[in-house]
Amino acid sequence: MSYQKKEDIGAMLLPLLKEHGVDFLPFVPDAGHASLIELAFDDPHIQPIVLTTEEEGVALACGHWLGGKKSALLMQSSGVGNTVNMLSLISSCNFPFVALVTMRGNFGEFNSWQVPMGRATPDVLKAMGIQVYVVERDDELPKVVDAALYSAFSSDQGVAVLLSQNLIGRKEW
Amino acid sequence: MLKRRDVTAKLNDMRGESRIISGLGSSTYDLHSTGDTDHNFYLWGAMGGAAMVGLGVAMAQPDSNVIVLTGDGEMLMGIGCLATIGVQKPANLSVIVLDNGYFGETGMQASHTNSCVDLAKIAAASGFKRAETIKTEQELESFLQLFQDASGPSFAAIKVEQEAPPRSLPILDGVELKNRFRRTFNLFPK
């Protein structure tokens, strides 16, 4: 069985991203982001961009900002490991940066191979100077993502919002 | 064989208002050696990211020409970027690789392009509108005549001599490099 699609997450996040003027959504897909990606492909005001690896999205977001546009990177926690050196761009240049990270390897994970990177995700981000906000419940999600977008784009901060498996649901096997 | 600094000087002569993003190491020094300008964004790190920074600028500013100038090692580390650019097809982006077949900054170890890997073929197969391997002065001239006509994305792997010209170092201050580049688009720090 596959993930149940979390329709409500996409419907909750898309208006918020547009309200903050986010133009691009670079992504390496995750089932937890599926509804948001799908809605964004149907929206003329926000452009999803498929990546081959998450580190591309970090450099791409910096390029967008250099050209005056905003992006938010969508990925799952395993992808955080792929971004590490590229995150030095955020620290070295104080680029605004927002990543929405769906968690694997926590809260009821069946696939134990996902656990090591899931466990390391917050520490890896913090070690690279990225602030970490964690969301466990649906009703906290808009407030936390709003705070992340505001902090990043109002004063050049790097913020990752971790969406717990408690929120997005675990993958059923 | 073409020399990297001659190629960079020619590119600089033809650039007009183009923004240039340079990959870390020799490409950054080469670009700086042609004369510093706010239209340059030099990478000092983030290996594998130059093409994506360029794609970002090109997508954000579709009416401006954007050039990525990098080396074969840096391009190989971000080789998936070619696929991502191929899907987006920004007409205003050119990726130019100074391909000497070596990792020049670390002791001249042979890279993949020194063996069997053909970057231009990878770019062509990824959906670049134009993708060439350039070995002669004449091929370089004709590429440079065409590369700013907004019919990209275009790609050139320019085969250059294995040499290490004197370093020409831009400032290291990333915040300043970011802000001055943004000012060329009339964007100001908040």
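1. The secondary structure of chain A comes to 8 helices and 6 strands, where helices (H or I, at least four residues) and strands (E, at least two) are DSSP runs numbered from the N terminus. Along the sequence these elements follow the pattern α-β-α-β-α-β-α-α-β-α-β-α-β-α.

2. Please keep in mind that this is a predicted model, in which local features need pLDDT of at least 70 and side-chain atom pairs count only at pLDDT 80 or more, while totals for chains, interfaces and linings use all residues. Residues are numbered from 1 along each chain as its sequence is written, and chains are lettered from A and ligands numbered from 1 in the order in which they are written.

3. Chain A has a radius of gyration (taken over C-alpha atoms) of 15 Å, which agrees with the value near 16 Å for a compact globule of 173 residues, the globule rule being 2.2 Å times the number of residues to the power 0.38. Its C-alpha atoms fill a box of roughly 45 × 35 × 30 Å along the principal axes.

4. In chain A, 48% of the 173 residues are buried, meaning that 20 or more other C-beta atoms, placed from the backbone, lie within 10 Å of the residue's own.

5. The contact between the chains takes 29 residues from chain B and 28 residues from chain A, two residues being in contact if their C-beta atoms, placed from the backbone, lie within 7 Å. On the chain B side, α3 (50-60), α5 (80-88) and α8 (174-183) each supply at least two residues, and the largest share, 8 residues, comes from α3(B).

6. α3(B) is itself mostly covered, with 11 of its 11 residues buried, among them B:M52, B:L55 and B:M59.

Conventions. A residue is buried if 20 or more other C-beta atoms lie within 10 Å of its own, exposed if 12 or fewer, and partly exposed in between; C-beta atoms are placed from the backbone.
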